[in-house]
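Q: I've got a new model open and want to learn how to read it feature by feature. Could you take me through it?

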Amino acid sequence: MIQRSFLHLLLVGVLVAAFAAPALGQATPPFDRTIIVGGSGTNAANGTALITAVFAAAAAVPPPSAGNPWLVKVEPGVFDLSGFTLPMINFVDIEGSGRNATFIRSSPGGFGLAATIDVPAGTDVELRNLTVQNFASGQGAGITNSSTDFKLTQVNIEVESEGSSFGFVSFAGNPRVQTVFVRAAAKNNDATGFFLDAGAPVIIESFVFINNATPGDNRGFRIESGANPSIDKTSGVVFGGNRNTGVQVQGASATLTNNRWTVTGGSLARGLYATDDVFVEVQESTFQATGATTNVGIQNDTGFLTVQTSRVIAGAGASSIAVENVFSGQTDIDQSVLQGGLSFRNTFGGAFRIGSTQLSGPRAIGGGSAICAASYDGNYVAIGPGC
């Protein structure tokens with residue numbers, strides 16, 4: 001599990017002390033509970049003005065609440081936080097002027113994971129209509145979240161750190177993420193679009209782009225520690241590293257509906273990787289893995305996986321497998337298309353139950369078991385019950 005740095009928490013405390021003075025709680029006339037932040041200054045001056053405005057709203061009298069919400073409206077411009085992390089304040093929304101107009105950025109130093117924006121636990125707030133950037137000298141994240149009530153809407157996240165890069169990181173919270181575009185690359189380590197560590201986030205209509213040339217592991221989604229997200233109408237492209245994975249679910253669960261993932265290049269390309277006793281449900285989705293030394297559309301390692309009305313595609317050749325069970329993995333597939341050098345393979349055990357599915361490519365049952373019902377090959381010739 002990634003730990004946020006002590007330095008980050010210290011910086012938040014310094015900001016609170018510096019800016020949370022009651023005298024700052026003033027709206028911008030003619031508004032009653034809205035502060036307008038101009039963007040015509042230097043990048044650094046704009047960043048200072050944004051920090052000041054957020055803590056001015058927090059210091060309003062009466063304080064922000066469900067019945068007294070505040071808004072910080074940010075004009076077009078670049079708002080550079082000078083290496084600081086901006087914490088979101090309860091009931092103080094931040095709204096930009098468009099994803100191609102308002103840019104909040106930070107270039108943190110030091111150790112641990114440093115974010116541009118952090119959402120503490122218990123914070124009911126929304127961030128919308130802007131771009132968040134992070135250019136950390138160590139591990140960097142665009143946004144870190146610990147809140148159940150955080151809403152992220154129409155936001156671009158761009159991260160390019162010296163160390164590992166993370167677009168959006170959620171610690172045990174249940175945020176609602178909609179129409180978010182994440183682009184992540186790392187100069188010397190791994191890149192991850194979404195890292196979901198526990199909690200039950202809802203992610204809708206979003207896109208992940210990972211183009212990372214370092215020899216590490218690249219992941220569109222990394223889902224761990226008992227997390228149980230619902231990911232709908234979301235797609236991604238992952239390529240450039242040594243090992244590239246679209247969605248990795250480890251010791252957690254996930255529901256993936258209307259997903260589209262293309263993963264390519266490196267020594268290993270995997271569309272979906274499920275491991276450590278997980279439960280994953282896939283519906284109406286496409287996973288494609290090509291261009292690597294080994295291509296696996298879906299790999300199920302000791303988990304329970306269901307795939308319905310979906311397409312799973314791997315490259316040609318014996319090192320390209322549409323769906324692979326490893327050890328005690330069990331995979332149920334219905335009304336789908338499996339296409340690859342091997343349509344499916346059991347490795348060291350595992351079990352397949354396949355119904356009404358096109359298997360375009362040979363099958364390798366191995367030491368496990370496989371049952372096929374009403375299924376057929378790439379030439380629409382029926383496949384027997386033993387697959």
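**Reading the fold, one feature at a time**

Q: Let's begin with one residue pair: which residue in E19 is the bridge partner of phenylalanine 221?
A: It's valine 247. Keep in mind as we go that this is a predicted model.

Q: How many bridges back up that pairing between E16 and E19, and which way do the strands run?
A: A partner pair makes most sense when you look at the whole strand pairing around it. Here seven bridges join E16, covering residues 217–224, to E19, covering residues 243–250, and the two run parallel. As for side chains, in a regular strand they alternate between the two faces of the sheet.

Q: In what order do the strands of the sheet come?
A: Follow the pairings from one strand to the next. You get an open sheet of 12 strands, in the order E4-E7-E9-E11-E13-E16-E19-E22-E25-E28-E31-E34, with parallel pairing. The edges are E4 (86–87) and E34 (363–364); each has a single partner strand, so one side of each has no neighbour in the sheet. For context, the protein has 37 strands and two helices.

Q: How does the sheet look around E31: how many bridges does E31 share with E28, and how many with E34?
A: Take each side in turn. E28 and E31 pair in the parallel sense over five bridges, and glutamate 324 has arginine 345 in E31 as its bridge partner. Towards the edge, two bridges join E31 to E34, again running parallel. There, phenylalanine 344 has arginine 363 in E34 as its bridge partner.

Q: Is E31 largely enclosed or open?
A: Count the buried residues along the strand. Five of the six residues of E31 are buried, so the rest of the structure largely encloses this strand.

Q: Now the rings. How many aromatic pairs does a search of the whole structure find?
A: That search gives 11. Look at both the centre distance and the angle between the planes. Phenylalanine 327 and phenylalanine 348, for instance, are stacked, at 5.6 Å centre to centre with 20° between the planes. The two rings come from distant parts of the chain, 21 residues apart: phenylalanine 327 is in the loop between E28 (320–326) and E29 (330–334), and phenylalanine 348 is in the loop between E31 (342–347) and E32 (351–355).

Q: Are those two rings buried or exposed?
A: Check the relative accessibility of each. Phenylalanine 327 comes out at 45%, which makes it partly exposed. Phenylalanine 348, at 67%, counts as exposed.

Q: Which residues form one aromatic cluster?
A: Phe150, Phe168, Phe194, Phe221 and Trp261 do. You've already met Phe221, the bridge partner of valine 247 in E19.

Q: Which arginines lie over the face of a ring?
A: Here you look for a side-chain charge over the ring. Arginine 222 lies over the face of phenylalanine 195, at 4.5 Å from the ring centre. Arginine 270 lies over the face of tyrosine 273, at 3.7 Å from the ring centre.

Q: What about disulfides: how many does the search find?
A: A disulfide is a covalent bond between the sulfur atoms of two cysteines. The search finds one. It's formed by cysteine 372 and cysteine 387, whose sulfur atoms are 1.9 Å apart. The link is right-handed, with 110° about the S-S bond. Cysteine 372 lies in E35 (residues 369–373) and cysteine 387 in the segment after E37 (382–383), so the pair ties together parts 15 residues apart in sequence.

Q: Are these cysteines buried or exposed?
A: The cut-off to apply is under 20% relative accessible area for buried. Cysteine 372 is buried at 4%, and cysteine 387 is buried at 16%.

Q: Where is serine 164, and which residues does it touch?
A: Place the residue in the chain, then list its contacts. Serine 164 is in the loop between E10 (150–161) and E11 (165–171), and is buried, at 11% relative accessible area. Leaving out residues up to four places away in sequence, serine 164 touches Gly138, Gln139, Gly140, Ala186, Asn189 and Asp190. Glycine 138 is 26 residues from serine 164 in sequence, with 7.2 Å between their C-alpha atoms.

How values were computed
Residues are numbered from 1 along each chain as its sequence is written. This is a predicted model: local features need pLDDT of at least 70, side-chain atom pairs count only at pLDDT 80 or more; totals for chains, interfaces and linings use all residues. Side-chain values use heavy atoms; hydrogens and water are left out. Two strands pair if DSSP finds at least two bridges between them. Helices (H or I, at least four residues) and strands (E, at least two) are DSSP runs, numbered from the N terminus. Rings of Phe, Tyr and Trp (its six-membered ring) pair if their centres lie within 6.5 Å; planes under 30 degrees apart count as stacked, over 60 as edge-to-face and the rest as tilted. Buried means under 20% relative accessible area, exposed over 50%, partly exposed in between (1.4 Å probe, protein chains only). A charge sits over a ring if NZ of Lys or CZ of Arg is within 6 Å of the ring centre and within 35 degrees of the ring normal. A disulfide is a pair of cysteine sulfur atoms within 2.5 Å. Contact means heavy atoms within 4.5 Å.
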